[in-house]
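New to this one? Take a look at the model first, then read on for a quick tour.

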Amino acid sequence: MKELEVILDKNGLIVAFFFVGLLTWATDLISKKAFNGRVPGSALAIGLGLILGYVGGLFSEGENGLADLSYFKGLTVLGGSLFRDFAIVATATGASFLLIRKSGLLGLVSLVLGIGLFFFLGASLAWAMGYRDVVSLCTIGAGACTYIVGPVTGGALGASSEVIALSIGTGVVKTIAVTIFTPMMAKWIGLDSPGAAMAYGGIMGTSSGVAAGLAATDPQLVPYGSVTATFYTGLGCLICPSLFYLVLSTLLS
Amino acid sequence: MIKGLALLAFCFLLGMWCGALLGTWLGIDANVGGVGFAMIFLLFSKEYVMRKGAWDEEFAFGLGFWNKLYIPIVIAMAASLNVKSALSSGILALLAGILPVFIAFGLIRILLKKLKTNL
């Protein structure tokens, strides 16, 4: 047993690979069996990650959630800013100029409207709940866009671990809300054509939520919504920590 | 594999450099939008390599691997954050996650109505 402990302790990153893989497998199963595939497995897995981060915080008095328990310390490497930023850049592979041309002006307008709407509503709600520093407001506003834009913005601006956790939580809630409410609201908003799906994808953004929500509404619309949603996270990572941060700090000073 | 990885690494470094330069220029001690810049560079370089006819499985696999790794990375990050202290503001996560979604539904309805009357 002592040998195993040494191995686990020495190979933290590998333990993290194994642990996250196991967790993903379990949430995929839960998504299929308990939610009939309606809630994206990725949102469930990230939600479960947050819960485990909470459990880890109960057992240790540290600030790194589950990673404060020695066997799980590799999670800080796998989930650290280097791997995170590198992998997010790779998600741009899915985009191309052909897609940009396809989504056109409608796509651009809906993207800018959507990111602005979610960012400033998120930041206003954080203000209403008592947050006053620009970095925290900006991070939570970015989290209201997607659970990726939040930590990227928070990481770039140097937000606290607590605020970054909050921004991811906000993004996960958004993804699940979009997934659940899209089929209910589809008729009311007029979501019945490829063009409408493109505008919807650009405004809502969260790509897993948009894909799951459209699949439950009309599977034929999924590719159209995804065309614009693909750009949402990238554009958000570009303008939330720069332009929107500046706007926010000017508004607050 | 390594060709795609190298392309990704090149774009990442170039993007981060731009972000750092922009941060210095704005007088903020932060990397401003480096990830976003890197994504734009990747988009351009992918297009360039494709136009040259040099795009192959090697490129696609190196990029695809990291593309797929990003959700697992976010899971690991979520599990290693200070969630315990964040929980006191949990109601904010619920509000800021749900409320804007409904306002966005309203906005989409208005936008789509405008579009239909214009067409």
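## A quick tour

Let's start with chain A of this predicted model: its secondary structure comes to 12 helices and 0 strands. Read along the sequence, the pattern of chain A is α-α-α-α-α-α-α-α-α-α-α-α. The radius of gyration of chain A is 19 Å, close to the 18 Å that the globule rule gives for 253 residues, so chain A is as compact as a globular protein of that length.

A few more values for chain A:

| Property of chain A | Value |
|---|---|
| Span of the C-alpha trace along the principal axes | about 60 × 50 × 35 Å |
| Buried residues, out of 253 residues | 57% |
| Share of contacts (separation of 6 or more) made by residues 24 or more positions apart | 65% |

Now for chain B. Its domain assignment gives domain 1 (2–81) and domain 2 (89–119). Taken over C-alpha atoms, the centres of these two domains of chain B are 30 Å apart.

So how do the chains meet? How many residues does each chain give to the contact? Chain A puts in 82 residues, and chain B puts in 61 residues. On the side of chain B that touches chain A, the elements giving two or more residues are helix 1 (2–26), helix 2 (34–51), helix 3 (57–79), helix 4 (83–86) and helix 5 (90–118) of chain B. Helix 5 of chain B supplies the largest share of that side, with 19 residues. Sorted by kind, the residues on the side of chain B that touches chain A are 45 nonpolar, 11 polar and 5 charged.

Note on methods:
Residues numbered from 1 in each chain as written. Chains lettered and ligands numbered in written order. Predicted model: local features only at pLDDT ≥ 70, side-chain atom pairs only at ≥ 80, totals over all residues. Contact = placed C-beta atoms within 7 Å. Helix = DSSP H or I, 4+ residues; strand = E, 2+ residues; numbered from the N terminus. Nonpolar A, V, L, I, M, F, W, Y, C, P; charged D, E, K, R; others polar. Domains from an automatic or database assignment. Rg over C-alpha atoms; globule rule 2.2 N^0.38 Å. Buried ≥ 20, exposed ≤ 12 C-beta atoms within 10 Å, placed from the backbone.
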